[in-house]
Amino acid sequence: MSDRLPTLRDGDHLPSTEFQPTPPAEEVWAEPVEESGSGGGGFSPKRLLLALRRFWWLVVLAGGVGLAGGIYSTTLVEPQYSASGTIWLEQTSQAEEAQGPIQTAELFQGYAWQELLRTGRVLDSVVVAEQLYIDARREDRPDMTGLFLAEQSQFGGYVLTVDEAGENFTLATDQGVEVDRGSVGEPVGQEVGIRWRPGAEILTPGRVLRFTLLSPRWVTGQLQARIQSRMDQEGNVLFMELQGPDPAEVTNTVNAVLGRFELVAADLKRLALDERTEALREQLDRAQAEVDSAEYALESFKVRTITLPGENDRAAPVVPGVAETRDPVYSNFFGMQIQASDIERDRQRILEVLNDQTGDVPVTQLELIPSVQGSSELTGVFQEYNTRQANYRALRERYTDQHTLVQNEAQAIATMEEQTIPRLLTNLANALAIRSNELDTRIAGASRELQAIPARTIQEARLQRTFDIASNQYREVRQRYERARLAAASSVSDVRILDYAVVPQFPVDDPRAPLALMIFGACLGLGALGAVLLDRTDDRFRYPEDVSVGLGLEILGTIPRVSQKAGANFEVQEAFRELRLRLMYAHGSAGPLMVAISSPGPEEGKTFISSNLALSFAETGRRTLLIDADTRRGDLHHILGVDRKPGLVDYLSGGRAEGLIQKTEYPNLHVLASGTRLARAPELLTGAQIQRLLARLRSHYEVIIVDTPPMAAGADAFQLGLLTGAMAIVFRAGASDKALVEAKLQSLGDVPLRILGGVLNDLSAKVIRSYGYHSAYYLPGYEAEDEEFDVEADESPRALPANAGAAD
């Protein structure tokens with residue numbers, strides 16, 4: 001902004017008023033200024049808005065980059081479609097399953113059905129059948145349906161290029177290594193394990209196909225992670241869901257998984273029934289061998305003793321219809337002999353099993369021992385053992401031996417074989433030994449009475465009992481075997497597909513718009529952050545808070561930017577009137593108002609502020625003196641149209657006082673020009689002569705304004721501030737250097753320089769409106785103007801009516 005005085009006519013003068021003393025303000029002396037940082041001052045929403053408006057180009061640029069990045073990001077992601085299907089799981093009652101050696105209520109538990117859905121036995125075939133190992137552009141996938149993998153395939157990226165004539169092709173890796181070359185119609189990629197013979201309708205002239213062959217097992221792992229499954233509370237319905245970018249592909253994949261799952265479940269059930277039948281057949285063979293052995297032993301004994309006299313040979317004939325009776329002592333002794341013999345035999349068989357450390361526990365043999373059958377605890381353990389064995393075999397069909405479920409089941413079986421079953425058998429053997437000893441004692445007591453009983457009778461009864469037990473065992477196992485064989489022959493799958501997947505029409509998740517908005521918002525935010533950072537790191541004064549908060553100085557006034565349009569500076573005039581009022585209040589009423597006006601650097605408007613402020617005081621009728629103390633580059637004489645010499649320097653260097661004070665065209669405004677340029681002028685400003693001059697001028701003027709050199713020019717400004725007793729600093733928005741002012745104020749140390757405050761010059765209208773200064777509240781069309789008089793009209797004054805002010 002130019003330091004030119006705006007053209008004001010005499011009619012622009014305010015009415016002269018008496019000077020009203022104001023209460024003295026608290027004097028603020030210059031103190032060392034703390035480092036305020038590169039931002040200078042505090043921060044507020046107003047300043048944020050101004051920073052964004054100031055660096056709008058950066059925000060717009062960042063927003064443009066974010067918009068372009070958001071649009072581009074939509075090509076990198078795809079919407080996700082969801083396809084789902086449902087499966088019915090048949091529940092088998094516990095009573096039906098209890099007839100076989102597998103003692104589970106159903107083929108799998110609820111969680112096992114979901115695990116089966118994700119196994120390689122189900123998904124590997126789906127990956128191969130649906131060719132999910134091919135990663136290519138969606139528009140190229142239909143032309144690659146005939147591509148299959150050989151046993152030794154080389155996975156990776158490939159580029160198939162057809163020449164412009166459409167006769168030959170070249171297959172290379174994505175690194176540019178050629179792996180195959182041939183004519184169109186010949187097999188492609190046999191050397192790398194590809195079985196594909198595309199025709200000329202696919203390998204068109206100049207076509208380039210880019211695709212990637214993935215390991216089917218790796219694709220299976222990815223598919224396992226993508227499949228979502230859950231079951232209803234009853235465990236009868238299994239829900240499956242799969243998401244992907246291609247709606248047709250996810251639908252076909254879900255339906256393929258459902259079909260494969262149904263087949264695998266049927267195969268597993270058939271395998272379980274076959275294993276059950278085989279286990280029962282083994283038990284049936286053992287039971288048959290036991291029956292044959294017992295029957296042979298009984299028959300052989302009878303043949304050997306048929307010619308010998310028996311116990312009943314001397315008995316009298318029994319009358320038909322009358323049951324044969326015996327002595328109770330004989331019957332009890334005979335029963336105890338048989339029971340003791342059976343118990344000892346069972347105990348010996350148990351001890352043989354316990355002493356045999358060469359193999360697994362022969363559960364099937366133990367189940368045929370009568371004493372074991374009579375132990376409810378062992379019977380329950382054997383049922384649990386058989387159940388776990390069946391589950392273990394079924395789990396090994398689905399998982400490897402390292403799987404957690406397989407290892408847990410194997411550990412449980414090992415615990416039963418090594419600890420539970422041996423412990424229970426040992427307890428049973430000890431109990432049988434005790435029982436055998438008791439029977440021996442009872443038999444010895446009754447032996448004297450029954451010594452005449454032939455031993456062959458006891459032996460025959462024991463053999464007959466063994467045969468009866470073996471026969472009963474055989475009949476029971478035979479019935480269970482026949483039921484299991486019939487179930488295996490007419491088995492029905494436990495799995496049925498209720499709902500197949502249909503092609504989805506709308507995506508369930510479309511990240512394109514959120515991603516684009518996120519990128520756009522992030523870039524816009526970065527642009528705004530950059531604008532704020534640039535504003536905070538600005539080393540120039542631009543906002544009122546840079547002075548009030550950054551330096552701790554009071555804002556005496558804000559001068560808006562002067563417009564070059566005629567009659568458009570009404571706000572500037574009002575700003576100087578407000579500055580005049582605040583300066584009077586800040587100075588106080590003691591003596592004439594004498595203040596030095598300076599600025600951090602040149603071309604910041606101190607002379608403009610000094611001259612217009614002096615004119616504003618003069619228009620109030622106060623005798624005002626404007627001193628141009630800028631002895632280096634003072635320019636007030638040009639602005640006010642007076643002579644530069646003689647001036648202040650001439651007087652201080654020993655010149656005469658006549659003609660020193662010059663009048664201006666403005667009433668009540670006098671000027672003391674700078675005078676002759678001298679190299680020792682700065683020393684003259686510190687002498688006693690200027691002190692005496694100012695003391696004499698104080699008695700002649702009500703307002704004395706001293707225009708000093710800039711603060712950056714040296715100590716002249718501060719020396720004059722000490723002489724006048726008060727100082728005001730002019731800051732030009734966007735021009736005054738913060739670091740310079742802070743350094744100058746810190747250099748003062750304890751110098752008692754009274755700084756009344758700062759004046760912000762050349763503020764833009766948007767800053768003034770944002771901070772609510774004068775221009776935001778002045779009404780357009782309500783300016784103070786002179787009335788244009790009609791010379792032919794009667795201009796004689798008239799008295800006001802008595803009630804003229806009543807309406808006010």
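These notebook entries record what I looked up in a predicted model.

**Entry 1: surface patch.** I looked first for nonpolar side chains at the surface. Trp56, Trp57, Val60 and Leu534 form one such patch, and together they have about 440 Å² of accessible area. I then asked which element supplies the largest share of the nonpolar patch. Helix 2, residues 56-73, contributes three residues. I noted that valine 60 lies in helix 2. I classed valine 60 as exposed because its relative accessible area is 52%, and the cut-off for exposed is over 50%.

**Entry 2: open sheet.** I traced an open sheet of five strands and recorded the order 2-8-4-5-6, with antiparallel pairing. Strand 2 (134-136) and strand 6 (178-183) are the edge strands, each pairing on one side only. For the twist from one strand to the next, I noted an average of 20 degrees. Within this order I examined the pair formed by strand 4 (residues 156-162) and strand 5 (residues 168-173); the two run antiparallel and are joined by five bridges. For tyrosine 158, I found the bridge partner in strand 5 to be threonine 173.

**Entry 3: a loop residue.** I turned to threonine 664, located in the loop between strand 15 (662-663) and strand 16 (669-672). Is threonine 664 buried or exposed? I recorded threonine 664 as buried because its relative accessibility is 14%, and buried means under 20%. I also looked up a polar contact of this residue: the side chain of threonine 664 reaches the backbone oxygen of leucine 669 at 2.8 Å.

Conventions:
Residues numbered from 1 in each chain as written. Predicted model: local features only at pLDDT ≥ 70, side-chain atom pairs only at ≥ 80, totals over all residues. Heavy atoms only, no water. Patch = residues over 30% accessible without salt bridge, like charges linked within 9 Å, V, L, I, M, F, W, Y side chains within 5 Å. Areas by Shrake-Rupley, 256 points an atom, 1.4 Å probe, with all protein chains shown as cover. Salt bridge = Lys/Arg side-chain N within 4 Å of Asp/Glu carboxyl O. Helix = DSSP H or I, 4+ residues; strand = E, 2+ residues; numbered from the N terminus. Buried < 20%, exposed > 50% of the residue type's maximum accessible area, 1.4 Å probe, protein only. Pairing = 2+ DSSP bridges. Axes fitted to C-alpha atoms, helices over the stretch in contact; angles between N-to-C directions. Polar contact = N/O pair within 3.5 Å; in protein donor to acceptor, adjacent residues only side chain to side chain.
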